[in-house]
Amino acid sequence: MKRFWGFVIKEFYHILRDSKTMLVLFGMPVMQMFIFGFAISTDLKDVKIAILDPSSDEITRAVESRILSSGYFMLESRLNAESEIEPAFRTGKIKEVVVFEPGFASRLQREGTATVHLIADASDANQANLIASYTTAIINDYVSKASQTSVPMRINVESRMLYNPELKSVFMFVPGTMAMILILICALMTSISIVREKELGTMEVLLVSPLKPIQIIIGKVTPYVVLALIDAAIIIVMSYYVFRLPMQGSLFLLMLETGIYIILSLVLGIFISTNTENQQTAIFISMFAFMLPTILLSGFIFPIANMPKILQWLCAIMPPKYFIIIIKNIMLKGSGIMYVWKETLILISMIVLFIILSIRKFKIRLE
Amino acid sequence: MDESFIEAAGLTKTFGPITAISDVSFHVGKGELFGFIGPDGTGKTTLFRILTTLLLPDKGSARIGSHDVVKNFREIRKNIGYMAGRFSLYKDLTVEENLKFYATIFDTTIEENYHLIRNIYSHIEPFKKRLAGNLSGGMKQKLALSCALIHKPDTLVLDEPTTGVDAVSRREFWEMLKELKKEGITILVSTPYMDEASLCDRVALMQSGRIMEIDTPAAITSQYPYALFAVRAGNINLLLNDLEVYENRRSVQPFGQTVHFAPANAANEPEGLRKYLESRGHSGIRIEPIHAGIEDCFMMLMTNSEQPKTE
C-alpha cells in the first residue's frame, strides 16, 4: 500500500507541475462550457425575417410592428405568395418567415381565433428553436395585452421547422458538453501519462521494480479521479449559475454518477495507452475514439432514435450515451436511482471490462 | 570467482530480420565487477534487458542467483538495481523526490539504506531541491545510480552509465563502483569506452551480438601476439594515409594524435618503417614500441572474427 501511495504522490507532482496539463484540466472545461453555453444562450439580435401578410389589417400590422420593434428581428422582405417562401429561404438571408392567414383581423373578430404560421430555417437547429420561441412570446404578449383592453382573442401560433424537424431541447447541450469534456479530459490525460513513461524510458525502470501492473494503473488513475471530480463540480456550478440549468434531483446522486463516469473514462484512457507507443498516437486515438463519437453518437446533437439501426447499435456501446441519459434524468427530471440504475449498471460493467482488458494488455516486459 | 552468481547460456535474441545477440554465454562471480565492452549496436542493451527481465530471449537461458530471468522475473525485479541506457528519471521531480519515489516503490526509505549511497549521493545532496531535468550529465548519472541502489540490490546492472558524461565524472563514477564492490554487490556494466575496460575485474569484448573474448583485462592485453608501435609525425592525416599503403603492415589504427602500427613481419622494424616515412617526407617522426591496450586487442579480435565471414 505504501508503494501505491508513493506512486500516487509522484503522479500528483507530474500533474501539478505541468502548466499545460493544468490548463487542459481546468482551462478547457470552463472554455468549452462557455463556447457551448453561449451557443445556447446567445440573445437574438437583428435576425432577418420575411413576412407574408395577405390580410394586411390593423391587427396584423400591430403584431408585425411588435415583432420588428422588439430589437430581435429585422424585416428583410415582404412576400406576396406562399410560393415565394421556399425561394426566400434559399437566398440564405432570412431565418424565419411569419405567415398570417388571409382575413386575419375579420376572422379574429368573427371567430375569436386566428392563426400565425412561423416557418424557421432549422438547418441551424438551435437558432431556429430560439427564433420561433421568441416570436411566439412576442405574439402571446401582444394577445394578452390586447385581451385586457378589448374582447378576448386567441392567436394560434404554429411553428414549423424547415430542414430539421427533430429539434431537441437546448438543455441537451449542458449534459452533452459535460459528458464530452469529462471523457475527453480523463481519457486524454491518462492515455498520455502512461505513454509518456514509455517515451521517457522511465517505464523501463518502473518495470524492473516490484510494482504490479494493477498498482501502476490504479496509481495513474487516482489523481485524475480527484481532479476530474473538481472539474465536474465546476461544470455543474457553471451550468446552474451561468446557464440556469435546473437542478431537480439529488446533487449527491449526480456526483456519484459523475464519479462512475469519470472512472470509466480514465480506464478507457489507460486501455488506449496500453495499446499505443507514443503520445501523438494516444492523443489521436482519444480524439477520434471519444470526442467525435461523443458528439455524433451519444444523442448529444443527433437524436439516436432517428439513426439507422447499425449506428444505433454503435451508440449503444458509447459510454457518453448512458451518462447523458443519467444526468438529464437527474438534473432535468429529478429522477432518483430507481430510474437510472440500468444505465448505471452498464457504466459499471464497462469499467470492470476495461480494467480487466487493460491489465491483461499491460506489458510486463518491453515487447 | 568461487561461484558463478550470474550465468547465461546460449542467449539469442532477434528482432525481425536483425539478430541483436547470438549465442551469448558467460558467468559472473558474486561481487565481481564485470564489464561488457563494445561499440554501439553490438547488443549490449539487448543483453542487459534480457538479464533485467525486460525482454524474453529467443533461445538460451540465464539466471541471477537462483532465479531464472524468465520464470522468476518477479523475484529478480526485487533484487536488482537497473540503470537504463538513457537518463530515465523524472525530470519534473526534484533530486530528493526521485530518490524517495524509488525508495518507496521498493518498500524502503532513504534513511534505511543511506549508508549505501552516501558516497554518491553526497555529491548531489546540496542540490536535492533542484529538478532532476536541470542537473548536469554527471550529476544525473549519480542520481540515477543512487536511485538504482536505494533498495540495496544484490546485483547492479548499469547500461552505458558513462556515455555522454565528462571525463572527471567518469573517473569519479568508476571510483564509486569500486566502493560498491566492497559491499559485495555484483556489478554488470556496459561501456563503449575501451579505456574503461581496465577498471573491471573481467571484461567481455562484444562485437555484432557475439562475445569475442572473456578474461581479465591484463590477460587479454598480454595475449596480444604482435609487436606494436605508437607512431607520431607532424601531419597525422598524411601519416595515416602513408601507413595504410606501407607494405609491411598488419594493422593501422588511429589513436588520437598517434597511430598504433603492427607490422606483418617484426624482424626489420621499426627501422624499415622510419626509412619509409622519411622517404615520404614526414617530419618529427617518433616511433615507440608499446604494450597493447584493450582497444588494440579488440581491433585485432574484430578483424580476425570478420575475416571468416567475408569468405
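Which residue is the bridge partner of B:Ile6 in strand 2 of chain B? Good morning. I shall answer that question with the sheet of chain B, and then turn to chain A and to the salt bridges. Please bear in mind throughout that this is a predicted model.

Let us start with the residue I asked about. The partner of B:Ile6 is B:Val28, which belongs to strand 2 of chain B. That pair sits within a wider arrangement: strand 1 of chain B, residues 6-15, is joined to strand 2 of chain B by seven bridges, and the two strands run antiparallel. Stepping back, we find an open sheet of four strands in chain B, with the order 2-1-4-5 and antiparallel pairing. Strand 2 (18-28) and strand 5 (67-68) of chain B are the edge strands, as each of them pairs on one side only.

A helix accompanies this sheet. Helix 1 of chain B, which covers residues 44-51, lies across strand 1, strand 2 and strand 4 (59-64) of chain B. Relative to strand 2 of chain B, helix 1 of chain B runs at about 60 degrees.

I now move to chain A. Chain A contains 14 helices and five strands. It has 367 residues, of which 50% count as buried. Its accessible surface is about 16900 Å², and carbon and sulfur atoms account for 64% of that area. Consider also the contacts in chain A between residues at least 6 apart in sequence: 79% of them join residues at least 24 apart.

Next, the charged side chains. As a general point, side chains of opposite charge can pair when their charged atoms come close. How many salt bridges does a search of the whole structure find over all chains? The search finds 27. I have chosen three from chain A to discuss.

The first example is A:Arg78 with A:Glu64, whose side chains meet in a salt bridge at 2.7 Å, N to O. A:Arg78 lies in strand 2 (residues 73-79) of chain A and A:Glu64 in helix 3 (residues 58-69) of chain A, so this pair ties together parts that are 14 residues apart in sequence. Are the two partners buried or exposed? A:Glu64 is buried, because its relative accessibility is 3% and the limit for that class is under 20%. A:Arg78, in contrast, is partly exposed, with a relative accessible area of 45%.

The second example joins A:Glu101 and A:Arg107, with a distance of 2.6 Å, N to O. Here A:Glu101 is buried at 14% relative accessible area, while A:Arg107 counts as partly exposed at 31%.

The third example is the salt bridge between A:Glu111 and A:Arg110, where the closest N and O atoms are 3.6 Å apart. A:Glu111 is partly exposed, with a relative accessible area of 44%, and A:Arg110 counts as exposed at 60%. Elsewhere in chain A, salt bridges that share partners join A:Lys10, A:Glu11, A:Glu197 and A:Lys220 into one network.

Finally, a word on cysteines. The count of disulfides over all chains is zero. Two cysteines may be worth locating in the structure: A:Cys186 is buried, with 2% relative accessible area, and B:Cys147 also counts as buried, at 4%.

To return to my opening question, B:Ile6 has B:Val28 as its bridge partner in strand 2 of chain B. Thank you for your attention.

Key: Residues are numbered from 1 along each chain as its sequence is written. Chains are lettered from A and ligands numbered from 1 in the order in which they are written. This is a predicted model: local features need pLDDT of at least 70, side-chain atom pairs count only at pLDDT 80 or more; totals for chains, interfaces and linings use all residues. Side-chain values use heavy atoms; hydrogens and water are left out. A salt bridge is a side-chain nitrogen of Lys or Arg within 4 Å of a carboxyl oxygen of Asp or Glu. Buried means under 20% relative accessible area, exposed over 50%, partly exposed in between (1.4 Å probe, protein chains only). A disulfide is a pair of cysteine sulfur atoms within 2.5 Å. Contact means heavy atoms within 4.5 Å. Accessible areas come from the Shrake-Rupley method with a 1.4 Å probe; for residues, only the protein chains shown count as cover. Two strands pair if DSSP finds at least two bridges between them. Axes are lines fitted to C-alpha atoms, for helices over the stretch in contact, and angles run from 0 to 180 degrees between N-to-C directions.
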